[in-house]
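Good morning, everyone, and thank you for making time for this. I would like to walk you through one structure slowly, so please keep the sequence and the picture in view.

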Amino acid sequence: MSEKEKDMETEFSPNEEENIPQEEENTSQNGEATTPTDENSEEEDAGGWKFEASAPTLEKSLDLGENYELTVDESKDGEQQQDGEPQPESEESTAGSIPQGDEEFREKSKNAVIVNKRVWKIIGIVLACLIGIGVIAGACYALFFVPNSDERMTPGNIALTVGDEDISVGMYNYYYNSIVETYINYAQQGYVDLNPNEDFASQTTTDDDGNQITWLERFKNDTVRQLQYFEAFYTEAKAEGITLTDEQKQTIEDNIKSIEDSASEKNESTNSYIAETFGKYCGLKTVRKIMEQSGIYQNYYNRAALKLSSTDEEVQAYFDKHKDDYKAASFAYLEMPYNPEEDDVEQVKKQAQSYCSQIKSLADMKALIPKICSEFIDEYVSSGYFEDEKSAVSALEETMENTNYTKEQIVSTFNEDMADWVFSADTKVGDSTYFVDDEFKCVAILLKTADPSFDETKYYSVRHILIFPGDSSADDAAQSEDQTEKQYTQEEWKQGLEKAQTILDEYNKGEKTEMAFAELAEKYSGDVNSILAGGYNNYGGQIFNTARGQMVPEFENWATDSARKYGDVEIVKSDYGYHIMYFVCDRPAYLCSAKQDSDYEKQEAFADKYEVVIRGAFGKTAVAQPLEADE
């Protein structure tokens, strides 16, 4: 290519008129000439680009495909043909296309076929736009309709919102699968009426308000409620600046490493392994987020529970409102085997009634154990659970009595029919009856041993900070199985007392509240089992709802003194060291139960303040499927 040709190609512009076909005079259907519309004129002024289809002969060009166009240049000696008459070529039309005065180039250009790259440029732009639109459309689809495992809170990944906290599809599935697995385990142990091998949508249960719902609804409702409860406390924890401890951070990293190693052993990606284990769309970031939130929740929950703790007045008011729920009855219980597929049910009932007619007391019932439970006893002995029949009978005698069961406890442990019979005013102490249970293949034989009443057993609750003599610390306590075996010098006892007094002084200079004492216990107490560090979910040195006879005498004598009042604080010495005591309460068992329920109601009300909103991606969440028959 000559330098002049390069110049021509470089300077060629789509806006130049030389390569734009001249507008032919339009004619109407009756042959009259028409003028171009303003719209067409505007298009020419803009460069002459029109996207309507037209005949190649009108445009003097032909599309050859592959983004190229052939244009026939009909100019002759600088003249252009228009309506059969030669037109003078203007300076404007030649400027920038054919160098003036170059006759040689002008001669070569006559009737030349020129490859027009304008089309390539436009089609390239159009294709790029179409590709861009496709990419954007795909991104929009993923954004609004596809969940992800990276905890990106796009519209397609938000299953629900609790307060201001968005819950991903993966996180919801994690909690959902955990709840389903728990219920299935309960079912396999006989605690709930659920068949894991049948369609969950066709099996029914009741919700907390007594309404009949399917098990699928139960799974969903429990998951949403658990997330609401959890996120409510987690949100409050963040607001109060609660963070993870260094130990918790390390535990999380260890757990993550364990998951990654397990995935590697199976030659799977970490996210794929997690999705298989914990639920679809649940990835490494989801698991990490759950563990971090759980740690912060744990660090805050006990503090929050203490803030929401019911006062004595609130406990009494709650008890008065639900008084009948706290009556407890006692009964004895034995099982005789029954196979509904093989045994004659009428014959089984006749045999059970015969046993009942012989039972008027616990002694009578114990005497019949070898007959009523004969098949079970043989099975226990042959399986190696007991050495012989005598030891098996002795074990059944110890477990047959059930004392101080509330009606709700009997319903959850056995069934509603048994609870109604035990609590019925028509059922007297010494009465016996039987219930045939086809599901669990047994016949239950009952003896009522006590009328419903309030359990007056006394329980006390205190907090304490244990200080060991000398320079011993909580770490030393954790390493020693029995601190009482260690012998201390008088100097060490003196040091321990001084340390205890210093902590008590710190408490007295502060707010002097139960919360303030609990925080000091978390900081100083050597009894790790009564603080969060012990891993028993105890907080602030709590020793709650403890029956007499469980603790060392000095500790218990102080805690059960009738003169004690809420908030009393004192240093008490025992063989373990010095206990800085904080008195909480001393009340009967039925009021302890009422307080627990009252506290739970307040926590539920607290969680209810965080509104739950179901989002569009909820339709992508997990739905439990029945297990295969061999699972």
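I will talk about a sheet, then a helix, and then some aromatic rings, and please bear in mind throughout that this is a predicted model.

Let us begin with the sheet, which is open and has 3 strands in the order β9-β8-β20, with antiparallel pairing. The strands β9, residues 165-168, and β20, residues 612-614, stand at the edges with a single partner strand each, and therefore one side of each has no neighbour in the sheet. From one strand to the next, the twist averages 25 degrees. If you look at how β8, residues 158-162, meets β9, you will find an antiparallel pairing over 4 bridges, and within this part of the sheet Val162 stands opposite Glu165 in β9.

Two helices belong in this part of the picture as well. Helix α7, residues 169-188, packs on the sheet and touches β8 and β9, and its direction makes about 70 degrees with that of β9. Helix α8, residues 215-239, lies across β8, β9 and β20, and runs at about 135 degrees to β9.

Now let us turn to helix α12, residues 312-321, and ask which of its residues are buried. They are Val315, Tyr318 and Phe319, and, seen down the axis of α12, these buried residues fall within an arc of 100 degrees, so they line one face of the helix. It helps to remember that an α-helix has 3.6 residues a turn, so residues three or four places apart point the same way. On the face of α12 turned away from the buried side we find the exposed residues Glu313 and Lys321, while the cover over the buried residues includes β15 (442-454) and α24 (589-608).

Finally, the aromatic rings: how many aromatic pairs does the structure hold? There are 36 aromatic pairs, and one of them, Tyr507 with Tyr582, is edge-to-face, at 6.4 Å centre to centre and with 85 degrees between the planes. Because Tyr507 lies in helix α21 (residues 490-509) and Tyr582 in strand β19 (residues 577-588), this pair ties together parts that are 75 residues apart in sequence.

Tyr582 also forms an aromatic pair with Phe517, and this one is tilted, with 5.2 Å centre to centre and 40 degrees between the planes. Phe517 lies in helix α22 (residues 514-524), so this pair with Tyr582 in strand β19 ties together parts that are 65 residues apart in sequence. Both Phe517 and Tyr582 are buried, and Tyr507 is buried too.

Key:
Residues are numbered from 1 along each chain as its sequence is written. This is a predicted model: local features need pLDDT of at least 70, side-chain atom pairs count only at pLDDT 80 or more; totals for chains, interfaces and linings use all residues. Side-chain values use heavy atoms; hydrogens and water are left out. Two strands pair if DSSP finds at least two bridges between them. Axes are lines fitted to C-alpha atoms, for helices over the stretch in contact, and angles run from 0 to 180 degrees between N-to-C directions. Contact means heavy atoms within 4.5 Å. Buried means under 20% relative accessible area, exposed over 50%, partly exposed in between (1.4 Å probe, protein chains only). The arc is that of the directions from the helix axis to the C-beta atoms. Rings of Phe, Tyr and Trp (its six-membered ring) pair if their centres lie within 6.5 Å; planes under 30 degrees apart count as stacked, over 60 as edge-to-face and the rest as tilted.
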